[in-house]
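Visitor: I am new to this structure and would love a tour. Could you show it to me and take my questions one by one?

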Amino acid sequence: MPVSFHRHLARRLLVGGLVIATVLGSIVLWLDAERLDKNIVAMGVAEARTQAPQLPPDLVSLTAGQRAEFEEKMQRLIAERANARGDHFVVAEVYDLKHDKVGEAVASDADDIEGAIDRSVHHFPPPGKTWYDKHLIGGQFYLQMVIPLSSSDGHHLGWFEGVYHIPRQAALQVALGGLRATILVVVAVLATAALLYPLLAALNSRLVARSRDLLRANLGTLEALGSAIAKRDSDTNAHNYRVTLYAVRLAEAVGVKGDQMRALIKGAFLHDVGKIAIPDAVLLKPGKLDPDEFAIMRTHVAHGLDIVGQFDWLADAAAVVGGHHEKVDGSGYPAGTAGDDIPLLARIFAIADVFDALTSRRPYKDPFPLERALSILDEGAGKHFDAGLVKVFAALAPALHATLSAEDEKTLQRDLRHLVETYFANSELTAAVIRTRLPQPA
Ligand SMILES: [Fe+2]
């Protein structure tokens with residue numbers, strides 16, 4: 001298995017673990033802060049309960065004297081609680097049912113707090129509910145809460161508002177608690193990832209082995225089928241190798257890529273696979289075929305389509321197998337398709353096929369020189385061949401022909417396998433797979 005996969009897996013597990021840990025840590029921190037808020041609000045609710053019974057039943061009609069007395073009482077309460085219990089109520093206020101302030105007490109050291117908290121956004125929750133809000137003033141946290149006040153017989157009297165200073169220690173405690181939880185989660189997630197890593201790596205090894213087997217089988221089928229037909233009408237695979245190489249170079253020049261290129265390679269290698277079904281008397285006849293024999297010979301296209309259509313992995317070879325004898329003027333076979341209706345891959349392949357036939361030795365002819373072969377292609381441009389493709393091929397042909405016509409079958413096979421590696425290895429993983437499958441030439 002490639003080293004890069006291990007790195008990739010480790011990185012994914014690490015990054016995934018850190019993201020999960022951060023999210024979980026934040027949730028823990030938020031829950032802790034919520035818990036602190038709830039505790040403080042509960043304290044406010046208890047405060048309101050202790051005050052309520054001491055309040056007159058009608059807060060709206062308190063006299064000025066009663067108000068002053070009441071405020072003094074609350075002021076004392078704040079100071080006493082601060083001394084006796086270390087409480088941090090810095091503001092306490094009571095509102096009547098008209099939302100008017102009845103009394104107010106502010107801790108001696110908290111005058112600025114009252115000013116800083118915006119009183120205009122008061123909410124007066126219905127009985128049984130509590131409203132609260134958080135403020136950060138001068139680097140300190142404050143919790144402002146409004147709690148309905150009810151008399152002992154259940155009458156709604158008004159509201160108690162308290163502003164509680166959350167001691168730095170408590171805020172720090174929450175932050176530390178959250179940090180501790182985050183660290184714990186990080187350690188737990190990373191430990192889990194460390195346990196999963198070998199398991200995932202082993203599973204992936206098996207997957208790679210399966211993929212390798214499958215690709216081997218598929219490539220083996222391609223070679224076996226291509227060779228089978230080559231063995232019937234000649235002793236070598238050289239024509240198959242060369243036409244594939246010519247076709248791929250032309251396709252590269254016109255921008256064919258990816259799946260299309262793989263389809264071209266399969267189609268080029270199997271273009272005449274249907275000849276397996278042609279009787280020897282026709283296929284191997286040394287002389288010219290009569291019209292009946294030619295009609296039989298033409299059926300190799302349909303037989304070829306039949307063969308590649310039976311195997312999903314070869315199905316995309318159909319463009320070349322089915323269209324390699326079509327001509328752009330519509331005079332080809334089997335369908336008589338014309339112009340751009342002929343698949344691009346078939347138009348590319350037709351040029352490669354004819355060029356190699358012209359420049360190869362056959363029992364009935366010597367190889368044509370390059371110039372003659374190119375001039376025959378040029379004569380066929382716009383009739384047999386796609387004129388634009390002929391032009392592109394004419395520019396590539398001299399160098400390609402010089403190389404390929406001088407190579408023996410083994411070297412051509414090596415070149416073709418290099419092509420397969422380039423175009424079927426679309427990931428590093430598959431490249432490794434293919435490298436193990438392709439024997440290096442001696
Ligand atoms: Fe053919």
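Visitor: In which order do the five strands of the open sheet stand?
Guide: Happy to start there, with the reminder that this is a predicted model. The five strands form an open sheet with antiparallel pairing. Read across the sheet, the order is 2-1-5-4-3.

Visitor: Which strands stand at the edges of the sheet?
Guide: An edge strand here has a single partner strand, so one side of it is left without a neighbour in the sheet. That holds for strand 2 (101-106) and strand 3 (131-137).

Visitor: By how many degrees are neighbouring strands of this sheet turned against each other on average?
Guide: For this value the direction of the strands is ignored. Taken as an average over neighbouring strands, the turn is 15 degrees.

Visitor: Which residue is the bridge partner of Ala-92 in strand 5?
Guide: Strand 1 (residues 89-96) and strand 5 (residues 156-166) run antiparallel and are joined by seven bridges. Ala-92 has its partner in strand 5, and that residue is Gly-162.

Visitor: Which residue in the turn between strand 1 and strand 2 has a positive phi?
Guide: Strand 1 and strand 2 pair over five bridges in the antiparallel sense, and Tyr-95 stands opposite Lys-101 in strand 2. The two strands form a hairpin with four residues between them. The residue with a positive phi of about 70 degrees in that turn is His-99.

Visitor: Why does that phi deserve a second look, and is His-99 buried or partly exposed?
Guide: Most residues other than glycine have a negative phi. His-99 has a positive one although it is not a glycine. Buried would need a relative accessible area under 20%, and His-99 has 39%, so the residue is partly exposed.

Visitor: How many of the eleven residues of strand 4 are buried?
Guide: Strand 4 (residues 140-150) is largely enclosed by the rest of the structure. On one side, seven bridges join strand 3 to strand 4; ten bridges join strand 4 to strand 5. The count of buried residues in strand 4 is nine.

Visitor: Which residue in strand 5 does Phe-141 stand opposite?
Guide: Strand 4 and strand 5 run antiparallel, as do strand 3 and strand 4, where Lys-134 stands opposite Leu-143. For Phe-141, the residue opposite in strand 5 is Ile-166.

Visitor: Which glycine takes a positive phi near 90 degrees?
Guide: Two hairpins are worth a look here. The hairpin of strand 3 and strand 4 has two residues between the strands, and Gly-138 takes a positive phi near 55 degrees. The hairpin of strand 4 and strand 5 has five residues between the strands, and there the glycine with a phi near 90 degrees is Gly-154.

Visitor: Where does UniProt place the feature "transmembrane region"?
Guide: The record is an unreviewed entry, and it names two stretches. In the model, one of them is 100% helix with its end C-alpha atoms 28 Å apart; the other is also 100% helix, with its end C-alpha atoms 32 Å apart. In the order just described, the UniProt positions are residues 12-31 and 181-203.

Visitor: How many Å apart in space are Gly-16 and Ala-193?
Guide: Gly-16 lies in helix 1 (residues 3-51) and counts as partly exposed at 28% relative accessibility. In sequence, Gly-16 and Ala-193 are 177 residues apart. In space, C-alpha to C-alpha, they are separated by 9.0 Å.

Visitor: How many Å separate the centres of domain 1 and domain 2?
Guide: The domain assignment gives domain 1 (3-176) and domain 2 (234-437). Taken over C-alpha atoms, their centres are separated by 83 Å.

Visitor: Which residues coordinate the iron ion?
Guide: The donor atoms sit at 2.0 to 2.3 Å, with angles of 85 to 175 degrees among the four, and the site is irregular. In sequence the donor residues are spaced D-x27-H-x23-H-H. They are Asp-272, His-300, His-324 and His-325.

Visitor: How many residues apart in sequence are the parts that Asp-272 and His-300 tie together?
Guide: Both Asp-272 and His-300 are buried. Asp-272 lies in the loop between helix 6 (258-269) and helix 7 (280-283), and His-300 in helix 9 (residues 300-308), so the pair ties together parts whose separation in sequence is 28 residues.

Visitor: Which two residues does a cis peptide bond join?
Guide: Most peptide bonds are trans. Here omega is about 10 degrees, and the proline involved is in the loop between helix 10 (318-323) and helix 11 (344-359). The cis bond joins Tyr-333 and Pro-334.

How values were computed. Residues are numbered from 1 along each chain as its sequence is written. This is a predicted model: local features need pLDDT of at least 70, side-chain atom pairs count only at pLDDT 80 or more; totals for chains, interfaces and linings use all residues. Side-chain values use heavy atoms; hydrogens and water are left out. Two strands pair if DSSP finds at least two bridges between them. Axes are lines fitted to C-alpha atoms, for helices over the stretch in contact, and angles run from 0 to 180 degrees between N-to-C directions. Donors are N, O and S atoms within 2.8 Å of the metal (3.2 Å for Na, K and Ca); water is not among the atoms, so sites may look incomplete. Four donors count as tetrahedral if all angles lie between 85 and 135 degrees; four count as square planar and six as octahedral if opposite donors are over 155 degrees apart and all others between 65 and 115; anything else is irregular. Buried means under 20% relative accessible area, exposed over 50%, partly exposed in between (1.4 Å probe, protein chains only). UniProt positions are given in the numbering used here, feature names are shortened, and annotations may be inferred rather than shown by experiment. Domain bounds come from an automatic or database domain assignment.
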